[in-house]
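Please walk through the protein chain shown here, starting with its overall architecture and then turning to its charged and nonpolar surface features.

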Amino acid sequence: MVTLIEGISAEGKCVPPTIIIEGSWFIEDWLNENQDGSELLLLSDSGYTNEDLGMLWLDYFITYSGARPKAPMKLLLFDGYSSHTTEDFRLKY
């Protein structure tokens, strides 16, 4: 199982993808020359995101989107998945 999280703006700018792989350890063969190193590779027992991985992704999004207290505001849209609705997640974004 693999989950891919993408972030794309209305201007066409992209946050590098987050790839969540089912497993407990990384296998070197998963990496290849088509990756540029900006991808966020994460592991979970289920292959899906969870509360902890959701927080890692939010930090990643903040870094790559240039979100800052004095920067122009950003609108972030989510579905109702539980990792997007935790108190820590809502307070951070």
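The paragraphs below take up the fold, then the salt bridges, then the surface patches.

The model is a predicted one, and the protein chain averages a pLDDT of 85, with 99% of the residues scoring at least 70. Confidence varies along the chain: the lowest mean, 83, belongs to helix α2, which spans residues 87-92, whereas strand β3, covering residues 40-44, has the highest, at 93.

As for the architecture, the protein chain contains 2 helices and 3 strands, and when these are read along the sequence they follow the pattern β-β-β-α-α. Taken along the principal axes, the box filled by the C-alpha atoms is roughly 40 × 30 × 20 Å. Of the 93 residues in the protein chain, 30% are buried.

Which residues are joined by salt bridges? The structure holds 2 of them. In one, lysine 13 pairs with glutamate 11, and the closest N and O atoms are 3.6 Å apart; both lysine 13 and glutamate 11 are exposed. In the other, aspartate 59 forms a salt bridge with lysine 92, where the closest N and O atoms are 2.4 Å apart. This second pair links distant parts of the chain, since aspartate 59 lies in helix α1 and lysine 92 in helix α2, with their positions 33 residues apart in the numbering. Aspartate 59 counts as partly exposed because its relative accessibility is 31%, a value that lies between the 20% limit for buried and the 50% limit for exposed residues. Lysine 92 likewise counts as partly exposed, because its relative accessible area is 40%. In general terms, side chains of opposite charge can pair when their charged atoms come close.

The surface also carries a negative patch, which is formed by Glu51, Asp52, Glu87 and Asp88. Helix α1, which runs over residues 51-65, and helix α2 each supply at least two residues of this negative patch. Aspartate 52, one of the residues of the patch, is found in helix α1, and it is classed as exposed because its relative accessible area of 60% is over the 50% cut-off.

A nonpolar patch is present on the surface as well, made up of Trp25, Phe26, Ile27, Trp30 and Leu31, which together have about 540 Å² of accessible area. Leucine 31, one of the residues in this nonpolar patch, is placed in the loop between strand β2, which covers residues 14-22, and strand β3.

Terms used
Residues are numbered from 1 along each chain as its sequence is written. This is a predicted model: local features need pLDDT of at least 70, side-chain atom pairs count only at pLDDT 80 or more; totals for chains, interfaces and linings use all residues. Side-chain values use heavy atoms; hydrogens and water are left out. pLDDT is the predictor's confidence in each residue, from 0 to 100. Helices (H or I, at least four residues) and strands (E, at least two) are DSSP runs, numbered from the N terminus. Patches are made of residues with over 30% relative accessible area and no salt bridge: like charges are joined within 9 Å, nonpolar side chains (Val, Leu, Ile, Met, Phe, Trp, Tyr) within 5 Å. Accessible areas come from the Shrake-Rupley method with a 1.4 Å probe; for residues, only the protein chains shown count as cover. A salt bridge is a side-chain nitrogen of Lys or Arg within 4 Å of a carboxyl oxygen of Asp or Glu. Lys and Arg count as positive and Asp and Glu as negative; His and the chain ends are not counted. The place of a charge is taken as NZ of Lys, CZ of Arg, CG of Asp or CD of Glu. Buried means under 20% relative accessible area, exposed over 50%, partly exposed in between (1.4 Å probe, protein chains only).
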